[in-house]
Amino acid sequence: VYSRLLKSRSNRAPASLSRIATVMRRKTAWMDLKKTKAPIAVVVGDVLDDIRSLKIPALRVCALRFSRSARQRIIGAGGQC
């Protein structure tokens, strides 16, 4: 995290919503989400919307910056930014 924070904005690659959803789906496959809250995805960089994925699960995401449409899709799906 420290090395990503020190990078300049042009060298800090953004993350797409579909990539975050895929990684979190793998992490929560073994969890019982009825008993515990979903884990928080921490992204050192920007979170951008991805129109290729039609359905986004309820995600809890902590990031340096969100695009306007990514924030709307996360909150619309019942997640937190």
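Reading from the N terminus, the elements of the protein chain come in the order α-β-α-β-β-α. That makes three helices and three strands, all seen here in a predicted model.

Overall dimensions come next. The C-alpha trace of the protein chain spans about 40 × 25 × 20 Å along its principal axes. The radius of gyration is 13 Å, which agrees with the value near 12 Å that a compact globule of 81 residues would have. As for how the chain packs against itself, take the contacts with a separation of 6 or more: 34% of them come from residues 24 or more positions apart. Of the 81 residues, 31% count as buried. The accessible surface adds up to about 6000 Å², and carbon and sulfur atoms account for 56% of that area. On the charge side, the chain carries 18 positive and 4 negative charges, and the mean positions of the two sets sit 4 Å apart.

What about the inside? The largest nonpolar core has 15 residues, and Leu17, Ile20, Val43, Val47, Leu59 and Val61 are the ones with the most contacts inside it. Helix H2 (17-27), strand S2 (40-48), strand S3 (60-66) and helix H3 (68-76) each give two or more residues to this core. H2 supplies the largest share, with four residues. Val43 shows how such a residue is surrounded: leaving out residues up to four places away in sequence, Val43 touches Ala15, Ile20, Val61, Cys62, Ala63 and Leu64.

Two buried residues from helices are worth a closer look, beginning with Ile74 of helix H3. Ile74 has 0% relative accessibility, so it falls under the 20% cut-off and counts as buried. Beyond residues up to four places away in sequence, the partners touched by Ile74 are Leu17, Leu59, Val61, Phe66, Gly79, Gln80 and Cys81. Ser8, by contrast, is 66 residues from Ile74 along the chain, and 26 Å separates their C-alpha atoms.

The other is Met24, which lies in helix H2. Its relative accessibility is 11%, and because buried means under 20%, Met24 counts as buried too. Setting aside neighbours within four places in sequence, Met24 is in contact with Pro39, Ile40, Ala41 and Leu59. Leu59 thus turns up in the contact lists of both Met24 and Ile74. Met24 and Ala63 are 39 residues apart in sequence, with 15 Å between their C-alpha atoms.

The loop between S2 and S3 offers a pair of sequence neighbours to compare. Asp50 is found in this loop, and so is Ile51. Which of the two is buried and which exposed? The charged residue is the buried one: Asp50 has a relative accessible area of 8%, which puts it under the 20% limit. Ile51 comes out at 73% relative accessibility and counts as exposed, because the cut-off for that label is over 50%. Apart from residues up to four places away in sequence, Asp50 touches Ser16, Leu17, Ser18 and Arg73. Leu17, one of the residues with the most contacts inside the core, is therefore a partner of Asp50 as well as of Ile74. As for Ile51, its C-alpha lies 18 Å from that of Gly78, and the two residues are 27 positions apart in sequence.

Note on methods:
Residues are numbered from 1 along each chain as its sequence is written. This is a predicted model: local features need pLDDT of at least 70, side-chain atom pairs count only at pLDDT 80 or more; totals for chains, interfaces and linings use all residues. Side-chain values use heavy atoms; hydrogens and water are left out. The radius of gyration is taken over C-alpha atoms; the globule rule is 2.2 Å times the number of residues to the power 0.38. Buried means under 20% relative accessible area, exposed over 50%, partly exposed in between (1.4 Å probe, protein chains only). Contact means heavy atoms within 4.5 Å. Accessible areas come from the Shrake-Rupley method with a 1.4 Å probe; for residues, only the protein chains shown count as cover. Lys and Arg count as positive and Asp and Glu as negative; His and the chain ends are not counted. The place of a charge is taken as NZ of Lys, CZ of Arg, CG of Asp or CD of Glu. A nonpolar core is a set of buried Ala, Val, Leu, Ile, Met, Phe, Trp, Tyr and Cys residues joined through side-chain atoms within 4.5 Å.
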